[in-house]
Amino acid sequence: MKKHSTISNLVYTLKQVWRADKPLLVFALFKNAIEQVFYVFFFVYLTKYIFNCIENNIPYENLFWFLVIACSGHIVIHFICGWYEAYKKIKRPAVYKQIFHRVMDISDDLELKDYENPEFYDKYARALDQCVEESLEITTKTGVYIGNVISTIMSLVIVISVDPAFLFFLIIPMFVSLYLGRKNAKCNYDRETDITRDKRTADYVKRVYYEKKYAAEVRLFDINSLMLKRQEEAVDRMEKISLRYRWKSAFYTFLMKGSYSILAGVCAFFYVVLKVKYGHVSDMSSYIAMITAMAFSTDQLKDAVENRIYISNGSKLFQNLREFLEQDRKPKEQKTVIEGIESVELKDVSFTYPGADKPTIENINLKWNKGEKLAIVGYNGAGKTTLIKLIMGLYPVTKGQILINGKDINDIDADAYRKRFGTVFQDLQVFAMTLAENVIMRRPESEADYEAVKTALKNAQFDITHRGLTNGLDTMISREFDEEGFVPSGGQAQKIAIARVFAQSPDMVILDEPSSALDPLAEYNMYNNMMKLSEGKGVIFISHRLSSARMADHIYLMKDGGIVEQGSHEEMMELNGHYHEMFLLQAENYQDSIPEEMLKGAVAYYG
């Protein structure tokens, strides 16, 4: 990615706030700038004016009304500040929505291979960390910085009008601070970049302890020492890295503040004292007022430099978000939008995961026609799930070609293609939403939607009369946000995920081990329902239970990333190969483990 300048990144940041809420950006810049400018009038000019009134015996009434105007302005400024802070809190979600939703939109377009790359995760984490807080803070600091610059110039004009020599005490600290400030900004940026990986590690360990899906393993296995050691190591590395950079940052800060304190503070103060005592000063009150004015000018100049450093540093950090949002943002090519899937064909397809030494899938040839039921079986780690993800276009093939209706998968619109599938993966997820929303994956809008949910759940053999469903189909799944929520078992969660396919009515159905938590008879009934309701549709299912494979028109057995046997159940049994051996072994195990009263059902199940 092209590295952008601080100004370019700053403008990009402000644009994000502008798109979220235009008044917020305008008020942030105007309020923070005008506030600093008003302080010049209130703390510098007003101080000088008061001393002049006292020294020149100006009537008290003039001073009184001048003070009334100044104090009224001060009160108005404070009211504006209070209103702005309230408005910023109200509009903060709008900024969050603008930026975070853009991150999510980009995430939808990313290929799964990106998630295999730790460097991608580092950049992704930094992008999310800076979604809202950085953009709002940079906007605020920009307004303050503009005000600092204007107020510093104004105060310098007032100070120089009294004695140009005062400029010397401010100019040198300013250049010293700008030079050291750039070094300090780079130091802070490098620190944030270097601790990203360890920060993610520490966050991961924390997530393990509060997310429910890890709860059982954490309690069953003694991994506390392992997890805590990993977190401690990550935190220790962060502390060491941070300490190294913070020592440098503290040194730069010490030199910057020292230059202000010595030159703009102590030296300027002694200059005023000596000038008043030994110099020929006609306007002594102005010189005395300059003690306060110099202190204010110093603070404004110091704040201007520090805010400039913050903006520079923040803009560099915002480069991560910009890179993330702008990656591959070239206009998308117009691709063919398919209206339906008639066939999927793989020709000599191979795939290797990024960083892997050997292919996970190698020289696969397979054709899947609409209306055809295929079963993919085989050993663990054979590449079955990866093959499914290639078919759905979730990974780009390393070698070979995938044809959809005779057209290369790279030439068709990916989103429209994937919407033609109904899919249940083995690592399925249910969400903290209502049962109905978990099935149709949107908010039900009519009675017809609820009827569709009921039908889908019944076809998936989910008991919709379960006593745990205290609010029927509107019962929240999980108790994370609702004490009366329903916590499904593994089998119930699988049935909810399977019901999504029944509710979707897709062209093609893919079932990747969706029934591993079901007993054999429940699995048989589920597949039987699926086959009946998927009449005329294409179905691919992966199952370790080879008895279910008998329902398929064609069976593929995978081993070591390749297809080693294929055919109907009868043809595969006649081969006397891997399939024959696995099938007989499973049948024997089931017959040994099924109770006598269930034997009839088991016999019917195995045919």
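**Salt bridges, a surface patch, a sheet and two cavities**

Counting a Lys or Arg side-chain nitrogen within 4 Å of an Asp or Glu carboxyl oxygen as a salt bridge, the total comes to seven salt bridges. The model is a predicted one. Side chains of opposite charge can pair when their charged atoms come close. One such pair is K91 with D21, whose side chains meet at 3.6 Å, N to O. K91 belongs to helix α3 (residues 60–109), while D21 sits in the loop between α1 (6–20) and α2. The two residues are 70 residues apart, and the pair links distant parts of the chain.

The surface comes next. W18, V26, F27, F30, I34 and W83 make a nonpolar surface patch of about 560 Å². Helix α2, which covers residues 22–55, gives the most to this patch, with four residues. F30, one of the patch residues, has its place in helix α2.

Further along the chain there is a sheet. This sheet is open and has four strands in the order β2-β1-β4-β5, with antiparallel pairing. Its edge strands are β2 (361–369) and β5 (407–408), each of which pairs on one side only. Strand β1, residues 343–351, runs antiparallel to β2, and six bridges join the two. Within this pairing, E345 has K367 in β2 as its bridge partner.

The last topic is internal space. How many cavities of 30 Å³ or more does a search of the whole structure find? The search finds two. The volume of the largest cavity is about 70 Å³. Its lining consists of L178, G181, R182, A185, V305, R308, I309 and S312. Two helices, α6 (168–194) and α10 (284–326), each supply at least two residues of that lining. Sorted by class, the lining of the largest cavity holds four nonpolar, two polar and two charged residues. Glycine is counted as polar here, so G181 falls in the polar class of this lining.

The second largest cavity has about 30 Å³ of space. Around this cavity lie S177, T253, M256, K257, Y260, K302, V305 and E306 as lining residues. Here α9 (224–278) and α10 each supply at least two residues. The largest share of the lining, four residues, comes from α9. By class, the second largest cavity is lined by three nonpolar, two polar and three charged residues.

Which residue appears in the linings of both cavities? V305 lines the largest cavity and also the second largest one. Helix α10 likewise supplies at least two residues to the lining of the largest cavity and at least two to that of the second largest.

Terms used. Residues numbered from 1 in each chain as written. Predicted model: local features only at pLDDT ≥ 70, side-chain atom pairs only at ≥ 80, totals over all residues. Heavy atoms only, no water. 1 Å grid on protein atoms, 1.4 Å probe; cavity = no way out; pocket = protein on both sides within 12 Å on 5 of 7 lines; lining within 4 Å. Points joined across faces, edges and corners; volume = space filled by probe spheres on them. Patch = residues over 30% accessible without salt bridge, like charges linked within 9 Å, V, L, I, M, F, W, Y side chains within 5 Å. Areas by Shrake-Rupley, 256 points an atom, 1.4 Å probe, with all protein chains shown as cover. Pairing = 2+ DSSP bridges.
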